Amino acid sequence: MEETDLTLWGMGTVRNLRVHWMLMEMGLDYTFHPVHPRSGETYSDEFLKINPRHKVPVLRHRNVVVTESAAIIGYVSEAFAAPAGIYVPQNAQERAKLNEWCFFIMTEFDAHTLYVIRRHTTFSSLYGEAPTACKAAKEYFMDQLQAISPMIGEGGFLLGGKLSCADILLTTCIDWAIEYGFELPPNIVAYHKGHSNRPAYKSAFNKTFMDPASIPELMQIPR
Ligand SMILES: N[C@@H](CCC(=O)N[C@@H](CS)C(=O)NCC(=O)O)C(=O)O
């Protein structure tokens, strides 16, 4: 493991999984604070100093604090020497194509469809029920997924024949769709299987979804 000064707050959801996964793919050691989004801890005074928007994941590298799962994994991939199998953009054109994927996945999949469904099903006590919106969100998600499924490249990667931030974002959105019981196109199922069989994904998954009851320090925030 490379010597680092990295601290990650966050567990319990696929947005947190993204960061554990990228850190493990990069072979980076990090201090982990298992803040669960629904533990109430994101509203503690100590945590609000780290992220006033009371959200995980949050990564600190030395004196730089980065929030937003997509921004964090992009930062990690560029701030450290990436292993040969990790795609890192080398110029503005490559970065544009990577951003195109990442912004697409984060808006059309994460925010506009999957999270709409989350809000109006799992969190309906907070946001209300909205069956029409959920149905439309699912249809739109499936439409956009069908549109991109032929774009998965050889070896099951979106860009450059290597694992990129875009693959981490797409795989974790598919995790979410699987949790909702969506029927997915066969090549998307194969794409997801390929990535979720990676050792780093598996280790990250176990860390992200470990039982909070097994973590005695769960409600403690480091100062
Ligand atoms: N767009 C953000 C979303 C972060 C987010 O909403 N995190 C949730 C867990 S998945 C959270 O921390 N919720 C706790 C809260 O809102 O207090 C990202 O991708 O990092």
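**Reading a ligand site and its cysteines**

The residues of the shell around the ligand divide into 5 nonpolar, 4 polar and 3 charged. The model is predicted.

Biologist: Which residues are around the ligand?

Modeller: Start with the shell. Here the list opens with Thr13, Arg15, Pro37, Thr42, Tyr43 and His54. Lys55, Val56, Pro57, Glu68, Ser69 and Met106 are also around the ligand. By class, that shell holds 5 nonpolar, 4 polar and 3 charged residues.

Biologist: Which side chain has an N or O atom 3.1 Å from an oxygen atom of the ligand?

Modeller: Look for pairs of N or O atoms within 3.5 Å. The side chain of Arg15 supplies that atom. Ser69 also uses its side chain: a polar atom there lies 2.7 Å from a ligand oxygen. Val56 uses its backbone instead, with an N or O atom 2.8 Å from an oxygen of the ligand.

Biologist: How much of the ligand's exposed area does the protein bury?

Modeller: Compare the ligand taken alone with the ligand in place. Alone, the ligand exposes 510 Å². The protein buries 84% of that.

Biologist: Which pocket does the ligand take up?

Modeller: The ligand takes the space of the largest pocket.

Biologist: Now the cysteines. How many disulfides does the structure hold?

Modeller: Check the distance between sulfur atoms. A disulfide needs two cysteine sulfurs within 2.5 Å. This structure holds 0 disulfides.

Biologist: Why does Cys165 form no bond with Cys102?

Modeller: The distance rules it out. Cys102 has the closest cysteine sulfur to that of Cys165, but the two are 5.4 Å apart, so they are too far for a bond. Cys165 itself is buried, at 2% relative accessible area.

Biologist: And how far is the sulfur of Cys173 from the closest cysteine sulfur?

Modeller: That distance is 11 Å, again to Cys102, and therefore too far for a bond. Cys173 is buried too, with a relative accessible area of 0%.

Definitions and conventions
Residues are numbered from 1 along each chain as its sequence is written. This is a predicted model: local features need pLDDT of at least 70, side-chain atom pairs count only at pLDDT 80 or more; totals for chains, interfaces and linings use all residues. Side-chain values use heavy atoms; hydrogens and water are left out. A residue is near a molecule or strand if one of its heavy atoms lies within 4 Å of it. A polar contact is a pair of N or O atoms within 3.5 Å; within protein, one must be able to donate a hydrogen and the other to accept it, and residues adjacent in sequence count only if both atoms are side-chain atoms. Accessible areas come from the Shrake-Rupley method with a 1.4 Å probe; for residues, only the protein chains shown count as cover. On a 1 Å grid over the protein atoms alone, a cavity is a set of points where a 1.4 Å probe fits but cannot get out, and a pocket is an open set with protein on both sides within 12 Å along at least five of seven lines; lining residues have an atom within 4 Å of a point. A molecule sits in a cavity or pocket if more than half of its atoms lie within 2 Å of its grid points. Ala, Val, Leu, Ile, Met, Phe, Trp, Tyr, Cys and Pro count as nonpolar, Asp, Glu, Lys and Arg as charged, and the others, Gly among them, as polar. Buried means under 20% relative accessible area, exposed over 50%, partly exposed in between (1.4 Å probe, protein chains only).
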